[in-house]
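Trainee: Could we take a close look at one loop and at the elements on either side of it? I should like a single connected account.

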Amino acid sequence: MSTTASDPLATLGSLPGVPDAVDSVRKAVDRVYGHRVMRRRSNEVTAEAALRGSRGSAALAGADWNLEEVRRRTDFSGEDEARTVGAALRLTAEAGQLLSIWRQSPLRVLARLHLVAAGGAAPDAAVGRPRLAGESVDEPLIEAPLSGADEVAGRLEGLSQLIIAGTAAPALVTAAVVHGELLALRPFGSHNGLVARTAERIVLIGSGLDPKSICPAEVGHAEQGRAAYVAAFEGYTTGTPEGVAAWIAHCGRSVELGVRESTAVCEALQRGAA
């Protein structure tokens with residue numbers, strides 16, 4: 001991908017098609033934040049967006065449950081799909097608690113997210129730290145070749161330094177790159193997709209684009225389908241301007257679909273139907 005020494009992420013904002021995607025997302029987010037329901041009932045919209053975002057992220061990880069089942073269920077132990085949905089719900093709840101730490105120590109946040117996602121399901125020594133040489137990765141959906149542990153550590157550190165240094169890149173661009181890098185690296189032995197999508201959420205909230213967390217990109221990723229998600233991600237892994245731009249645009253469309261979902265929630269609340 002194209003970079004500059006001072007702000008590698010910022011150059012991505014000028015890739016063909018990316019400015020249009022950024023502008024479209026900004027307008028969509030502004031519209032839902034301007035909805036009259038948001039003046040008095042934004043907490044309800046946030047809570048519903050969290051639930052629907054969790055369901056979407058879990059669906060991409062292989063647990064495609066009906067929303068009402070996610071809403072109704074209280075026990076997420078037992079079978080693999082239930083544990084996946086439980087992990088997604090825990091991650092979404094945790095994301096809002098980590099915003100202040102993200103800009104100072106993103107690696108600490110990622111470790112915490114993996115710990116929360118694992119929920120004690122993995123051996124203690126493997127939870128909350130990047131995988132070591134020779135350790136395997138259990139990751140549904142993503143089948144791209146795995147980088148070695150040394151490369152993972154180096155790229156994670158590079159990503160961390162970019163976040164700490166700050167960037168002039170639009171929030172969508174930064175969120176998409178964080179998401180894409182974590183999917184590409186799969187730094188943990190499990191739950192990498194869930195962690196990557198939660199990190200995307202943290203960037204979108206912390207950047208100020210979606211401060212109330214009402215635009216769940218996870219909904220849009222799931223709605224576009226697993227095949228489209230993988231295809232866009234594979235474009236990102238090529239490192240070509242076209243592939244990276246297509247991934248950013250895919251993430252932008254996902255945010256817009258999340259906006260559409262929350263707009264529907266606002267309309268339902270306004271009608272007294274939710």
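Mentor: His 191 counts as partly exposed, at 22% relative accessibility (buried is under 20%, exposed over 50%, partly exposed in between; 1.4 Å probe, protein chains only). The model is predicted, with local features requiring pLDDT of at least 70 and side-chain atom pairs 80 or more, while totals for chains, interfaces and linings use all residues. Numbering starts from 1 along each chain as its sequence is written, and side-chain values use heavy atoms, without hydrogens or water.

His 191 lies in the loop between H9 and H10 (helices are DSSP runs of H or I, at least four residues, numbered from the N terminus). Although His 191 is not a glycine, its phi is positive, at about 60°. Most residues other than glycine have a negative phi. Arg 186 belongs to this loop too, and here again a residue other than glycine has a positive phi, near 40°. Arg 186 directly follows H9. At 3% relative accessibility, Arg 186 counts as buried, whereas His 191 is partly exposed.

The loop joins two enclosed helices. In H9, residues 171–185, 15 of the 15 residues are buried, so this helix is largely enclosed by the rest of the structure. In H10, which runs over residues 192–206, 14 of the 15 residues are buried, so H10 is likewise largely enclosed. Just after H10 comes Gly 208, with a positive phi of about 95°.

H9 and H10 pack at an angle of about 165°, with their axes 8 Å apart. That makes H9 roughly antiparallel to H10 (over 145 degrees; under 35 is roughly parallel, 65 to 115 roughly perpendicular, the rest oblique). Axes are fitted to C-alpha atoms over the stretch in contact, with angles from 0 to 180 degrees between N-to-C directions.

On the H9 side, the residues that meet H10 are Ala 171, Leu 172, Thr 174, Ala 175, Val 178, His 179, Leu 182 and Leu 183. They face Gly 193, Ala 196, Arg 197, Ala 199, Glu 200, Val 203 and Leu 204 of H10.

Val 203 also allows a comparison with Val 45, a residue of helix H3 (residues 38–60). These two valines are 158 residues apart along the chain, and their C-alpha atoms are separated by 19 Å. Val 45 is buried, with a relative accessible area of 1%. Beyond its neighbours within four places in sequence, Val 45 is in contact (heavy atoms within 4.5 Å) with Val 37, Met 38, Ile 214, Ser 262, Val 265, Cys 266 and Leu 269.

Notes
Expected span 1.5 Å × (residues − 1).
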